Amino acid sequence: MSGEQDLRKLLSGMRPELNPGRYVFTTVEGDVPPGLVPVVTVTEPEGLTLVVRKEDADAADLPYDYEAGWITLRVHSALEAVGLTAAVSRELAEAGVSCNVVAGFHHDHLFVPHERAAGAVALLEALAERSA
């Protein structure tokens, strides 16, 4: 069940996929509010960071100031793989696209400005093609 570690294979096989919708980062004190289903949670000393669908944050009256598109890299990357995050973030940074990366057990997930998400996918697809 281990993932891929070879950087060239990771890059050429990443198959970036834009998930539908808009996502926001917010923070709460205590637990996740009832009925809210975050796609990411991070426990920090200042509170619980949540990444949720924008409409869910609006319905729960949660504050946010960043609307993101959520890109999933469909390659199963090993958690100990070296260089994938650096290569992807460098590609996006060179195009002036901010990127917040979250590693799941199977895949890496990128949160980029919503209005630049489709362009970010195109940049990553070009990187994958150059890496093949």
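How exposed or buried is Arg-74, judged by relative accessibility? Arg-74 turns out to be partly exposed, at 31%; that label covers the range between buried (under 20% relative accessible area) and exposed (over 50%), using a 1.4 Å probe and protein chains only.

A quick word before the close-ups: this is a predicted model, where local features need pLDDT of at least 70 and side-chain atom pairs count only at pLDDT 80 or more, while totals for chains, interfaces and linings use all residues. Residues are numbered from 1 along each chain as its sequence is written, and side-chain values use heavy atoms, with hydrogens and water left out.

**View 1. Glu-17 and Arg-74 join up in a salt bridge.** Here the side chains meet with N and O 3.9 Å apart. To earn the name, a side-chain nitrogen of Lys or Arg has to be within 4 Å of a carboxyl oxygen of Asp or Glu. Glu-17 sits in strand S1 (residues 16–28) and Arg-74 in the loop between strand S4 (67–73) and helix H3 (84–94), so this pair ties together parts that are 57 residues apart in sequence. Those labels come from DSSP runs numbered from the N terminus: H or I of at least four residues for a helix, E of at least two for a strand. Like its partner, Glu-17 is partly exposed, with a relative accessible area of 38%. Counting by the salt-bridge rule gives 5 of them. As a rule, side chains of opposite charge can pair when their charged atoms come close.

**View 2. Lys-54 pairs with Asp-58 inside helix H2.** The closest N and O atoms of this salt bridge are 3.0 Å apart. Both residues belong to H2 (residues 54–59), and they are 4 residues apart, about one turn of the helix. Asp-58 is partly exposed, at 39% relative accessibility.

**View 3. Helices H3 and H4 cross, and a salt bridge links them.** The axes of H3 and H4 come within 10 Å and cross at roughly 125°; axes here are lines fitted to C-alpha atoms, for helices over the stretch in contact, and angles run from 0 to 180 degrees between N-to-C directions. That makes H3 oblique to H4, because oblique is what remains after roughly parallel (under 35 degrees), roughly antiparallel (over 145) and roughly perpendicular (65 to 115). On the H3 side, the contact (heavy atoms within 4.5 Å) is made by Ala-87, Val-88, Glu-91 and Leu-92, and H4 brings Ala-120, Leu-123, Leu-124, Leu-127 and Arg-130. Sorted by type, these residues are 7 nonpolar, no polar and 2 charged. For that sorting, Ala, Val, Leu, Ile, Met, Phe, Trp, Tyr, Cys and Pro are nonpolar, Asp, Glu, Lys and Arg are charged, and the others, Gly among them, are polar.

Zoom in on Arg-130 and Glu-91, whose side chains meet in a salt bridge at 2.9 Å, N to O. Arg-130 is in H4 (residues 117–131) and Glu-91 in H3, so the pair ties together parts 39 residues apart in sequence. Arg-130 is exposed at 54%, whereas Glu-91 is buried at 14%.

**View 4. Val-51 is tucked away as a buried residue.** Find Val-51 in strand S3 (residues 47–53). Its relative accessibility is 1%. Setting aside neighbours within four places in sequence, Val-51 is in contact with Tyr-23, Val-24, Phe-25, Pro-38, Val-39, Val-40 and Phe-111. Trp-70 is 19 residues away from Val-51 in sequence, and their C-alpha atoms are 10.0 Å apart.

**View 5. Leu-36 is a buried residue in a loop.** This loop runs between S1 and strand S2 (40–44), and Leu-36 has 10% relative accessibility. Beyond its neighbours within four places in sequence, Leu-36 is in contact with Leu-50, Val-52, Asp-56 and Leu-62. The C-alpha atoms of Leu-36 and Leu-50 are separated by 9.7 Å, with their positions 14 residues apart along the chain.

**View 6. Arg-15 and Asp-61 each have a positive phi.** Most residues other than glycine have a negative phi. Arg-15, in the loop between helix H1 (7–12) and S1, has a phi of about 40° and is exposed at 52%. Asp-61 has a phi near 55°. Asp-61 lies in the loop between H2 and S4, where its relative accessible area of 69% makes it exposed.
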